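Reader: I keep meeting words like "buried" and "polar contact" when people talk about protein models. Could you show me how such words are earned?

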Amino acid sequence: MIAILGAGSLGRLWAAKLPAGRVAFVPRPEQSAASLRYRFRPVQGPEIPVQIPWLNSHQSPSLLLVTTKAGDTVAALQSVVPRLPETTPIVLFQNGLGSQQDVAQSWPNRPILAATTTEGANRPKPELTLHAGQGETWIGALTPAGETCLNEAVSRLAETGLCVNATPDILDRLWQKLVINAGINPFTAILNCPNGEILNQPFYQQWIDPLCHEISKLLTASGQPSRSAATLREAIESVACSTAANTSSMRADRLAGRTTEINFINGYLARAGTELGIDTPVNQMLTDQVEQLK
Ligand code: KPL
């Protein structure tokens with residue numbers, strides 16, 4: 001049985017794609033219904049009804065996928081991990097950086113893995129989950145025990161038919177995604193516009209180069225492969241163009257009145273700067289501005 005903690009868009013996408021009867025959601029304390037029902041619209045083909053049971057206290061999952069928001073992850077896991085067998089691999093799907101390291105440090109002897117995905121999923125209505133675009137998922141180990149489970153975890157998730165790969169360096173992949181999110185998400189939230197529209201906005205044009213310079217220095221100082229500010233800007237703008245009509249996850253959080261993940265994106269970069277002795281005024285300014293949004 002594969003358990004999923006976090007029944008948002010991404011959790012519902014994996015639940016709908018995994019073999020029926022072998023997946024369950026971890027119940028929240030207030031949970032009462034026997035199962036979670038929703039409609040699922042794949043990238044191609046007709047919409048289907050999905051019914052996923054809640055994990056019961058006698059079931060011992062062989063894999064746990066964690067699809068909570070970055071800021072909720074450690075607290076959500078604190079009530080779940082003590083009930084899991086020591087050997088159950090835990091795969092973290094959070095955006096940004098910081099929450100993954102917090103989990104690995106909290107349970108260093110457990111098999112902890114992290115994933116980064118470009119699968120697109122959203123919920124235009126609470127009872128409907130859309131698989132909006134096909135992407136790819138990379139998984140890698142964060143703890144020594146995670147190394148031994150990596151290939152098995154990848155095989156289990158590949159049963160969905162989605163493109164799932166193992167990587168020996170998940171941190172590199174997480175940083176690559178962080179760069180994109182740091183250069184798109186706060187601008188879309190502050191300017192309240194789809195991803196592609198940031199490119200023509202004076203606020204974006206004023207700050208993107210100084211932001212990329214900060215990130216370029218942070219990458220090198222963190223031991224990541226060096227990338228020039230110009231290369232980073234190109235990568236950010238290529239994704240902003242290819243996802244031009246999308247509402248970013250940060251803008252969606254803001255519009256729905258949810259806490260954003262800014263502290264795990266530009267906020268993480270600003271904290272890394274403090275630790276590494278690198279000035280990060282643009283990351284800090286973007287973090288402050290997003291935190292002030294209502
Ligand atoms: O990952 C994303 C997000 O919205 O969090 C991007 C790449 C910006 C796509 O919308």
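Reader: What makes asparagine 195 a polar contact of the ligand?

Author: In this predicted model, an oxygen atom of the ligand is 2.9 Å from an N or O atom in the side chain of asparagine 195. A polar contact is a pair of N or O atoms within 3.5 Å; within protein, one must be able to donate a hydrogen and the other to accept it, and residues adjacent in sequence count only if both atoms are side-chain atoms. At 2.9 Å, the asparagine 195 pair therefore qualifies. The side chain of asparagine 181 has an N or O atom 3.0 Å from a ligand oxygen, and for serine 249 the distance from a polar side-chain atom to a ligand oxygen is 2.6 Å. On its own the ligand has 280 Å² of accessible area, and the protein covers 84% of that (Shrake-Rupley method, 1.4 Å probe; for residues, only the protein chains shown count as cover).

Reader: Which residues surround the ligand?

Author: They are Lys177, Asn181, Ile184, Asn185, Asn195, Val239, Asn246, Ser248 and Ser249. A residue is near a molecule or strand if one of its heavy atoms lies within 4 Å of it. Helix α5 (residues 170-191) gives the most to this shell, with four residues. Helices (H or I, at least four residues) and strands (E, at least two) are DSSP runs, numbered from the N terminus.

Reader: Why is isoleucine 139 called buried?

Author: Buried means under 20% relative accessible area, exposed over 50%, partly exposed in between (1.4 Å probe, protein chains only). Isoleucine 139 has 0% relative accessibility, so the word buried applies. Its place is in strand β10 (residues 137-141).

Reader: How do you know that β1 and β5 pair?

Author: Two strands pair if DSSP finds at least two bridges between them. Strand β1 (residues 2-5) and β5 have four bridges, in the parallel sense, so they pass. There, isoleucine 2 stands opposite leucine 63 in β5. β5 and strand β6 (residues 90-92) also pair in the parallel sense, over three bridges, with leucine 65 opposite valine 91.

Reader: Where do the side chains of β5 point?

Author: From strand β5 (residues 63-66), Leu63 and Leu65 point one way and Leu64 and Val66 the other way, and all are buried.

Reader: One last thing: how are residues numbered, and what is counted?

Author: Residues are numbered from 1 along each chain as its sequence is written, and side-chain values use heavy atoms, leaving out hydrogens and water. Local features need pLDDT of at least 70, side-chain atom pairs count only at pLDDT 80 or more, and totals for chains, interfaces and linings use all residues.
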